[in-house]
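Colleague: Could you take me through this model before I set anything up? I'd like to go over the packing and the chain contact.

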Amino acid sequence: MTAEVKGQQDLVDLIEWNSVEVLNQSSGHPWVNAVKKGYRDDPGLYLESDCDEQLLIYLPFTQQVKLHSLLIQGPERETAPSAIKVFVNRSSVGFDEAESEVGTQTLELESDDVLEGKPVALKYVKFQKVQSVTVFISSNFDDEDVTKLSKLVLFGTPQFTTNMGEWEKACKT
Amino acid sequence: MVLEATVVCVDNSDFMINGDYKPTRLQAQAEAVNLLAGAKTGSNPENTVGVLSLAGVRGPKVLATPTPDLGRVLSCMQKIKPEGSVSLIQGVQIAQLALKHRQNKNQRQRIVAFIGSPLEEEEKALVKVAKKLKKNNVSIDIVSFGEEAAEKNAEKLDAFLAAVNSNDSSHLVTVPPGTILSDILLSTPVFMGDNDGGSSGMGGMGGGGGGGGASDFEFGVDPNLDPELALALRVSMEEERARQEAQAQREREQQQQDEGGATTAADAPSEGGKAEGSQVPGEVDMKSAEGAGAGKEAEAAASAAEDGKDADGDVEMTDEAILQQALAMSLTTAAAGDPDPTTPAPTKEEEKTPAAPTKTDGAGGSGLGAMLEDQSFVTSVLSNLPGVDVSDANVQQVLSALKEKQSPKRSRTDDGDEDHEKDDK
């Protein structure tokens, strides 16, 4: 199942679903297939690019988080994403900006990591107060016209980790 | 109920001075944009509409960024002046930029482009921009209008649409000249939205849309919008139809009665050669009346056909038409019963000629034959005429001849009447 990163949690529950925006997705293979629980674990369901190989995925969170690592998995090697750029707290990144700007971090993925679904660590210091994250996939391994992405998971910790259950326990003791 | 931000690209090139869409192309566009903005903001309160002019000395210009405020859209439409030529690629790119920086990211992006002038851009460049739009998840509706422009642009715009269309969310509408631009658009996917049959879109349009979209419905009222009014209209229509049928029935019966009287009456004078002569002036009158009747008949038929087409059901027109038709029919049947018109008018006595017009006037068509048949009436008329001597030998001869011809038939039907006639003599 989903790989885990020690000390970090899966941030899927903190994503603000209504505001998620994915550009250049094919209508038959929407972003839900790669991001939502249940869908993302099914290898038959994937997010596919439409006009060309690029994809732009904007994921806002319901609260500030610290991002630790990123998991990207593709169904097959040829069409799996190879180069990605991550932007933090940028609400309206278009393809033009995504290509021309440096971004918070640029990653070159290893084909084995992508096929197996291994989390890739981010520069933790640069991802401390994250309200939204934009993942720009610029190319795939074999320069295919279509990029396929079967799973996208973000690991990190929420800024406000008030767990009401624990707080009650602390009061009683 | 799609939540979307729309940028309307208005063609304000010099071609827009043309008056093939009333009053001018630019005004027609302004009207359509006003309606469209109303429809968009009406279908969802969070929808926004912006306006961009495609032509101008300095190229395309955003006149209103996407806003839910209808007033801003309306007021900026007034400021647009026709100048320069269209640059669609630039315009669409600027519109896309305006859409990208919309405040509510949940809104879908849509461009509505009005194109009424020939495009100078290459098809390749257009397709490239279309791909970019598609990549950025922008839908585009193109309204192509103007005779020669629509023809010239058709190929380019088709290619453009094919490249931009994903999930069937973009549309190309061609509006022929001589029509009302906004009226045509009302029933197209541009107004309807792409996911429903238009009921929600139409509902959002309110009063403005209701009048324009009338052609689709029986009485010019959308039954879904106002079921009570539609019902009332239908009921009154049916009542009127029943009334007309009853009237037509009455007239038919009356006609049959008239016909019966006219045919028996027409037999009598046709047998007497001299009596025939007396008929001639009257007959001519009848013929002209018949001609007029036939003309009216055609007219009535035409107006009836028109009524059939016109769903409004103009009551006065139908009544009049039926009346005219009935009149024409009664005239023709009366004329058909007339003696053979080819028979040359025989040498008639001078006394007879003045009598004829009197008869025609008094008879007024169908009753003429019946009056001639009544010999006592003829005799009394003759005796009343100045300068006519009933006892004159010639007159007597004619009368007796008339009587002889009639008597065999008469005796069969009515003996008492004949006795009375003899007494009169």
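Here is a short run of questions and answers on the cores, the interface and one loop residue.

Modeller: Ground rules: this is a predicted model, where local features need pLDDT of at least 70, side-chain atom pairs count only at pLDDT 80 or more, and totals for chains, interfaces and linings use all residues. Residues are numbered from 1 along each chain as its sequence is written, chains are lettered from A and ligands numbered from 1 in the order written, and side-chain values use heavy atoms, leaving out hydrogens and water.

Colleague: Which element gives the largest share of the largest nonpolar core?

Modeller: A nonpolar core here is a set of buried (under 20% relative accessible area, 1.4 Å probe, protein chains only) Ala, Val, Leu, Ile, Met, Phe, Trp, Tyr and Cys residues joined through side-chain atoms within 4.5 Å. The largest has 34 residues, and Ile57(A), Leu59(A), Phe61(A) and Leu70(A) have the most contacts inside it. Elements are DSSP runs numbered from the N terminus, helices being H or I with at least four residues and strands E with at least two; α1, β4, β5, β8 and β10 of chain A each give two or more residues. The largest share, eight residues, comes from β4(A).

Colleague: How many residues are in the other core, the one with Met77(B)?

Modeller: That core lies apart from the chain A one, and among its members are Ala32(B), Val49(B), Val73(B) and Met77(B). Its count is 31 residues.

Colleague: What area is buried between chain B and chain A?

Modeller: Contact (heavy atoms within 4.5 Å) takes in 14 residues from chain B and 18 from chain A. Buried area is the accessible area, 1.4 Å probe, that two parts lose on being put together, summed over both. Carbon and sulfur atoms give 47% of a total of about 1300 Å².

Colleague: How many salt bridges does the rule find across that interface?

Modeller: The rule wants a side-chain nitrogen of Lys or Arg within 4 Å of a carboxyl oxygen of Asp or Glu. Asp96(A) with Lys132(B) is a salt bridge, with its closest N and O atoms 3.5 Å apart. Across the interface of chain B and chain A, the count is five.

Colleague: Is Ile17(B) buried or exposed?

Modeller: Ile17(B) is in the loop between β1 and α1 of chain B. Leaving out residues up to four places away in sequence, Ile17(B) touches Thr24(B) and Pro82(B). Exposed means over 50%, with partly exposed in between; because its relative accessible area is 55%, Ile17(B) is exposed.
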